[in-house]
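Q: Please take a close look at the side-chain contacts and charges in this structure, and explain how each assignment follows from the geometry or the accessibility.

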Amino acid sequence: MLTPSLTTPSGWGIIRDKVIHYMQGLRVALQREKYSKTIQTRVGWLQGVLGDFRTAQYAPGAEPRLVGGVLDYAFMPKVQAILDDNSDEATSRKDIVARLSDVMPSLINEWVDRCKDELTTVVAQPLKEAGIKPEGDPLTLAVTALWCARCSYYNRLNHRWSEVVNHSCLRTDNTPNTTA
């Protein structure tokens with residue numbers, strides 16, 4: 001049976017480099033695990049904030065609002081800065097949720113504008129080919145519709161501007177098909 005004992009100075013000299021290397025690797029692994037758990041928790045808080053914005057639009061007198069998914073916002077620099085912040089004032093759930101809630105309205109508007117710009121670019125060519133020169137927003141024209149090649153293959157369901165943003169196939173497929 002082996003019993004633990006203190007290492008002698010010569011024994012420590014032999015194993016020192018291996019022990020230090022092992023402990024440094026262990027420290028890095030523990031730091032990564034702690035960071036991963038922290039980010040997972042904070043992304044959950046982001047999801048809750050987005051859920052609050054979605055439900056707020058159904059309150060009496062509230063205007064409907066497009067709100068993206070968690071991944072639409074999680075990679076935005078402002079959100080990443082909040083999620084990665086490890087300062088003393090950003091450690092509690094209440095503080096981080098408050099900061100996320102403060103920046104969300106502007107980020108939601110930024111996300112909607114970006115989606116609208118991308119879809120306007122997609123729709124511009126078919127409208128041009130059809131000889132239609134829109135004076136206003138081409139996404140609001142009656143002849144503008146987007147369809148999904150994945151789920152609409154047999155039934156050709158057309159999606160209008162506001163609903164296309166929330167259509168799951170078009171959000172995951174970067175090459176939407178258009179009809180005008």
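A: Buried means under 20% relative accessible area, exposed means over 50%, and partly exposed is what lies in between. The model examined here is a predicted one. R16 has a relative accessibility of 40%, so it counts as partly exposed, whereas D17, at 57%, is classed as exposed because that value is over 50%. The side chains of these two residues, D17 and R16, meet in a salt bridge with an N to O distance of 3.8 Å, and the count of salt bridges comes to one.

The aromatic contact can be read in a similar way. One aromatic pair is found when the whole structure is searched. The ring centres of Y73 and W111 are 6.0 Å apart and their planes stand at 50°, so the pair is tilted; an angle over 60 degrees would have made it edge-to-face, and one under 30 degrees stacked. This pair links distant parts of the chain, since Y73 belongs to helix 2 (residues 70–74) and W111 to helix 4 (residues 93–129), with their positions 38 residues apart in numbering. Y73 is buried, its relative accessible area being 0%, and W111, with a value of 1%, is buried as well.

Helix 4 also holds D113, which is partly exposed, with a relative accessible area of 45%. On the surface, D113 gathers with E110, D117 and E118 in a patch of negative charge.

Definitions and conventions
Residues are numbered from 1 along each chain as its sequence is written. This is a predicted model: local features need pLDDT of at least 70, side-chain atom pairs count only at pLDDT 80 or more; totals for chains, interfaces and linings use all residues. Side-chain values use heavy atoms; hydrogens and water are left out. Rings of Phe, Tyr and Trp (its six-membered ring) pair if their centres lie within 6.5 Å; planes under 30 degrees apart count as stacked, over 60 as edge-to-face and the rest as tilted. Helices (H or I, at least four residues) and strands (E, at least two) are DSSP runs, numbered from the N terminus. Buried means under 20% relative accessible area, exposed over 50%, partly exposed in between (1.4 Å probe, protein chains only). A salt bridge is a side-chain nitrogen of Lys or Arg within 4 Å of a carboxyl oxygen of Asp or Glu. Patches are made of residues with over 30% relative accessible area and no salt bridge: like charges are joined within 9 Å, nonpolar side chains (Val, Leu, Ile, Met, Phe, Trp, Tyr) within 5 Å. Accessible areas come from the Shrake-Rupley method with a 1.4 Å probe; for residues, only the protein chains shown count as cover. Lys and Arg count as positive and Asp and Glu as negative; His and the chain ends are not counted. The place of a charge is taken as NZ of Lys, CZ of Arg, CG of Asp or CD of Glu.
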